[in-house]
Amino acid sequence: MVHVLSSRILLHPADPERSRIFYGESLGLPVYREFGTGPERGTVYFLGGGFLEVSGRADGPPVPGLELWMQVADVRAAHEELSACGVDVLRGPVREPWGLVEMWVHDPDGHRIVMVEVPADHPLRYRP
């Protein structure tokens, strides 16, 4: 059995500085650590129970199907903040048939990010 101690998503953007501005300033993700120097230096952001590392530079177009799922406390407040920052909102907050409130945005390379709120009455919040 593999005993995972930590994990992170590795993202190699087309424009590293543009992505650092998006994740660090527009989304406001806190920095866990930085490494290297120059325009392709690495920045690792906290993602709740995981990490997102933005480093290097993409060799080609973004990987199709790569999506990030981020749980937030209030997706409607996140929608207001991100819209005010000019983030590309694909779809505003909607309560889905499965009970979660979801909003979709794009990062600068076109990766879809699903912002999710788990309402207080959702089964994920309690066990019967």
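## Exercises on two sheets and their salt bridges

Val 44 stands opposite Glu 53 in β4. That pair opens our tour of this predicted model.

**Exercise 1. Work out which strands stand at the edges of the sheet that holds β4.**

Solution. Start with the strand order, which is β1-β4-β3-β2 in an open sheet of 4 strands with mixed pairing. Next, look at the two ends: β1 (8-11) and β2 (31-35) each have a single partner strand, so one side of each is left without a neighbour in the sheet. From one strand to the next, the twist averages 20 degrees. Finally, look inside the sheet, where strand β3 (residues 42-47) and β4 run antiparallel and are joined by 5 bridges.

**Exercise 2. Decide whether Phe 51 is buried or exposed, and list what it touches.**

Solution. First place the residue: Phe 51 belongs to strand β4, which covers residues 50-54. Then take its relative accessibility, which is 14%. Buried means under 20%, so Phe 51 counts as buried. Now gather the contacts, leaving out residues up to four places away in sequence: Phe 51 touches Ser 6, Ser 7, Arg 8, Ile 9, Tyr 32, Val 44, Tyr 45 and Phe 46. As a last check on distances, try Arg 95, which is 44 residues from Phe 51 along the chain; the two C-alpha atoms are separated by 27 Å.

**Exercise 3. Describe the sheet that contains β5, and find the helix that packs on it.**

Solution. Begin again with the order: 4 strands form an open sheet, β5-β8-β7-β6, and the pairing is mixed. The edge strands, each pairing on one side only, are β5 (67-71) and β6 (89-95). Here the twist averages 15 degrees from one strand to the next. The helix is α2 (residues 75-84), which packs on the sheet and touches β6, β7 (101-106) and β8. The direction of α2 makes about 20 degrees with that of β7.

**Exercise 4. Show how Glu 67 and Arg 112 are linked.**

Solution. Take the backbone first: β5 and strand β8 (residues 112-117) run parallel, joined by 5 bridges. Within β8, Arg 112 is the bridge partner of Glu 67. Then turn to the side chains, where Arg 112 forms a salt bridge with Glu 67, with the closest N and O atoms 3.1 Å apart. Since Arg 112 lies in strand β8 and Glu 67 in strand β5, the pair ties together parts that are 45 residues apart in sequence. Both ends are partly exposed, with 23% relative accessible area for Arg 112 and 42% for Glu 67.

**Exercise 5. Trace the salt bridges that involve helix α1.**

Solution. A search of the whole structure finds 8 salt bridges. One of them joins the side chains of Glu 17 and Arg 20, at 3.1 Å from N to O. These two residues are 3 apart in helix α1, so about one helical turn separates them. Glu 17 is partly exposed at 36%, whereas Arg 20 counts as buried at 6%.

Next comes the pair Arg 18 and Asp 109, whose side chains meet in a salt bridge, again with its N to O distance given as 3.1 Å. This pair links distant parts of the chain, 91 residues apart: Arg 18 is in helix α1, and Asp 109 is in the loop between β7 and β8. Arg 18 is partly exposed, with a relative accessible area of 36%, while Asp 109 is buried at 15%.

How values were computed: Residues numbered from 1 in each chain as written. Predicted model: local features only at pLDDT ≥ 70, side-chain atom pairs only at ≥ 80, totals over all residues. Heavy atoms only, no water. Buried < 20%, exposed > 50% of the residue type's maximum accessible area, 1.4 Å probe, protein only. Contact = heavy atoms within 4.5 Å. Pairing = 2+ DSSP bridges. Axes fitted to C-alpha atoms, helices over the stretch in contact; angles between N-to-C directions. Salt bridge = Lys/Arg side-chain N within 4 Å of Asp/Glu carboxyl O.
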